[in-house]
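Open the model in your viewer and keep the sequence panel beside it. We will go from one selection to the next.

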Amino acid sequence: EEQTEYCTACETCYTQAAQANNNMAAANYYDDAVQQNNADDGCGKFDLNSCYKECLNIDNMESNGYVDAADYIGCVKVYENDKKGLAYWAGATCNANGSRI
């Protein structure tokens, strides 16, 4: 949950910074009031490039074969081959049919 909150805040700040950069490029000036507002929004605590890349990596972990360990609090079937009658279960420690830890 803490990581989710961190990444949500990082993404919000990253988006705000990108929008501010686009506004500066389009208008060719920077409004001091916007600069002051951004200083007060809590985004100063982030290194936006590194936190954004880190959070993208975390978001892409599942597509790269990683899973959240919290998914295995109970027994979870992770693989089944019906042709061979074979099933693999993951969890803290599971019995052969995956019904108990």
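Select Tyr-6. At 32% relative accessibility, Tyr-6 is partly exposed, because that class lies between buried (under 20% relative accessible area) and exposed (over 50%), with a 1.4 Å probe and protein chains only. A word on the model before you go on: it is predicted, so local features need pLDDT of at least 70, side-chain atom pairs count only at pLDDT 80 or more, and totals for chains, interfaces and linings use all residues. Residues are numbered from 1 along each chain as its sequence is written, and side-chain values use heavy atoms, with hydrogens and water left out.

**Stop 1: the ring partner of Tyr-6**

Add Phe-46 to the selection. Phe-46 is buried, with a relative accessible area of 12%. Which aromatic pairs does the structure hold, and how many? There are three. Rings of Phe, Tyr and Trp (its six-membered ring) pair if their centres lie within 6.5 Å; planes under 30 degrees apart are stacked, over 60 edge-to-face, and the rest tilted. Tyr-6 and Phe-46 have ring centres 5.4 Å apart and planes at 50 degrees, so this pair is tilted. The pair links distant parts of the chain, 40 residues apart. Tyr-6 sits in helix α1 (residues 2-27), and Phe-46 in the loop between α2 (32-40) and α3 (48-59).

**Stop 2: a stacked pair**

Now select Tyr-14 and Tyr-52. Their ring centres are 3.7 Å apart and their planes at 0 degrees, so the pair is stacked. Tyr-14 is in helix α1 and Tyr-52 in helix α3, 38 residues apart. Are these two buried or exposed? Tyr-14 is partly exposed at 29%, and Tyr-52 is partly exposed at 25%.

**Stop 3: the nonpolar core**

Select Cys-10, Cys-13, Cys-43, Phe-46 and Cys-51. These five residues form the largest nonpolar core. Such a core is a set of buried Ala, Val, Leu, Ile, Met, Phe, Trp, Tyr and Cys residues joined through side-chain atoms within 4.5 Å. Keep Phe-46 in view. Leaving aside residues up to four places away in sequence, Phe-46 touches Tyr-6, Ala-9, Cys-10, Cys-13 and Cys-51. A contact means heavy atoms within 4.5 Å.

**Stop 4: the strands and their patch**

Move to β1 (76-81) and β2 (86-90), which each give two or more residues to a nonpolar surface patch. Select Val-78, Tyr-79, Leu-86 and Tyr-88: they form this patch, with about 360 Å² of accessible area together. Areas come from the Shrake-Rupley method with a 1.4 Å probe; for residues, only the protein chains shown count as cover. Patch residues have over 30% relative accessible area and no salt bridge; like charges are joined within 9 Å, nonpolar side chains (Val, Leu, Ile, Met, Phe, Trp, Tyr) within 5 Å. Leu-86 lies in strand β2. Leu-86 is partly exposed, at 32%.

**Stop 5: the salt bridge**

Select Lys-77 and Glu-80. They form a salt bridge, and their closest N and O atoms are 3.0 Å apart. The rule asks for a side-chain nitrogen of Lys or Arg within 4 Å of a carboxyl oxygen of Asp or Glu. The count is one. Glu-80 is partly exposed at 42%, and so is Lys-77 at 38%.

**Last stop: the whole chain**

Show everything as a cartoon. Three helices and two strands appear, in the order α-α-α-β-β. Helices (H or I, at least four residues) and strands (E, at least two) are DSSP runs, numbered from the N terminus. Of the 101 residues, 10% are buried. Turn on the surface: about 8,100 Å² is accessible, with 48% of it belonging to carbon and sulfur atoms.
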